[in-house]
Amino acid sequence: MYSDVSIAGDPLALPHLLPPVPQHPSTVAEFAGLARTIAADRARWAPLVRYDATTRWYARLQTGPGYEVWLLSWLPGQSSGLHDHGGSSGVLTVLQGELRERAVSGGRETARALTGGDQRAFAPGYVHEVVNDSLEPAVSLHVYFPGLTEMTPHACTSDRPGKVLGQALAAQPATTG
């Protein structure tokens, strides 16, 4: 009489027959690459985009071990407000349109325009604001690792021109930015 083991072989020996486990990003460069891959697949994200006149629209597009990917839309004038992402690092990629990022570090402020394909990577504690100050809608992709659990708003104060201090307000639940 035959048993399943004698017919199919040792089930513990099967892993060599299975497809390889997909690799997940683990470095900033790999997360930036993931964002570029998603950005290049317009058919995947473009049909999901919505616009909301009262607030930025956002939707979680993908999750993986220790990370999440968000799709955001920005109508003219919409802003994230000055904030950080708690203990999460991230990669922001502009998919269409133009956004302006204002970052605060070491008491100094820098601003840069971001257009389609531009990316910004940031570490935990990075304080910035993203705003659509153009006349056209914009869409961006945000990868957070670990997944976003907190987004701390900051008040902006300045005691002299060219010097800006981000001051944390009461911590808020995460709402992507």
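Buried means under 20% relative accessible area, exposed means over 50%, and partly exposed is in between (1.4 Å probe, protein chains only). By that yardstick, 38% of the 177 residues of the chain count as buried. This is a predicted model, where local features need pLDDT of at least 70, side-chain atom pairs count only at pLDDT 80 or more, and totals for chains, interfaces and linings use all residues. Residues are numbered from 1 along each chain as its sequence is written, and side-chain values use heavy atoms, with hydrogens and water left out.

**View 1. The whole chain has three helices and 12 strands.** Helices (H or I, at least four residues) and strands (E, at least two) are DSSP runs, numbered from the N terminus. A contact means heavy atoms within 4.5 Å. Of the contacts in the chain with a separation of 6 or more, 69% are between residues 24 or more positions apart.

**View 2. Five strands line up in an open sheet.** Read across the sheet, the order is 1-2-9-4-7, and the pairing is antiparallel. Two strands pair if DSSP finds at least two bridges between them. Strand 1 and strand 7 sit at the edges with a single partner strand each, so one side of each has no neighbour in the sheet. From one strand to the next, the twist averages 20°. Angles here run from 0 to 180 degrees between N-to-C directions, and the axes are lines fitted to C-alpha atoms, for helices over the stretch in contact.

**View 3. Zoom in on the strand pairs.** Seven bridges hold the antiparallel pair of strand 1 and strand 2, and here Arg60 faces Trp70 of strand 2. Strand 4 is also joined to strand 9 by seven bridges, running antiparallel; look for Leu92 with its bridge partner His142 in strand 9. Strand 4 pairs with strand 7 over four bridges, and Val91 stands opposite Ala121 of strand 7. Strand 4 is mostly covered, with seven of its eight residues buried.

**View 4. Helix 2 lies on the sheet.** Helix 2 packs there by touching strand 1, strand 2, strand 4, strand 7 and strand 9, and its direction makes about 25° with that of strand 4. Its 13 residues reach 18 Å from first C-alpha to last, close to the 18 Å expected at 1.5 Å a residue (the expected span is 1.5 Å times one less than the number of residues). Phe31, Ala32, Gly33, Leu34, Ala35 and Ile38 are the buried residues of helix 2.

**View 5. Here is the largest nonpolar core, with 18 residues.** Such a core is a set of buried Ala, Val, Leu, Ile, Met, Phe, Trp, Tyr and Cys residues joined through side-chain atoms within 4.5 Å. Trp45, Val69, Leu71, Leu141 and Val143 touch the most other members. Helix 2 gives the largest share, five residues. A second, separate core has 14 residues, including Val94, Leu99, Phe122 and Tyr144.

**View 6. Gln78 sits in the loop between strand 2 (67–74) and strand 3 (83–84).** Is Gln78 buried or exposed? Gln78 is buried, because its relative accessible area is 9%. Its side chain reaches the backbone oxygen of Asp52 at 2.7 Å. Not counting residues up to four places away in sequence, Gln78 touches several residues, among them Thr54, Arg56, Ser73 and Asn132.

**View 7. A cis peptide bond joins Phe145 to Pro146.** Its omega is near -10°. Pro146 is found in the loop between strand 9 (138–145) and strand 10 (150–160).

Notes:
Polar contact = N/O pair within 3.5 Å; in protein donor to acceptor, adjacent residues only side chain to side chain.
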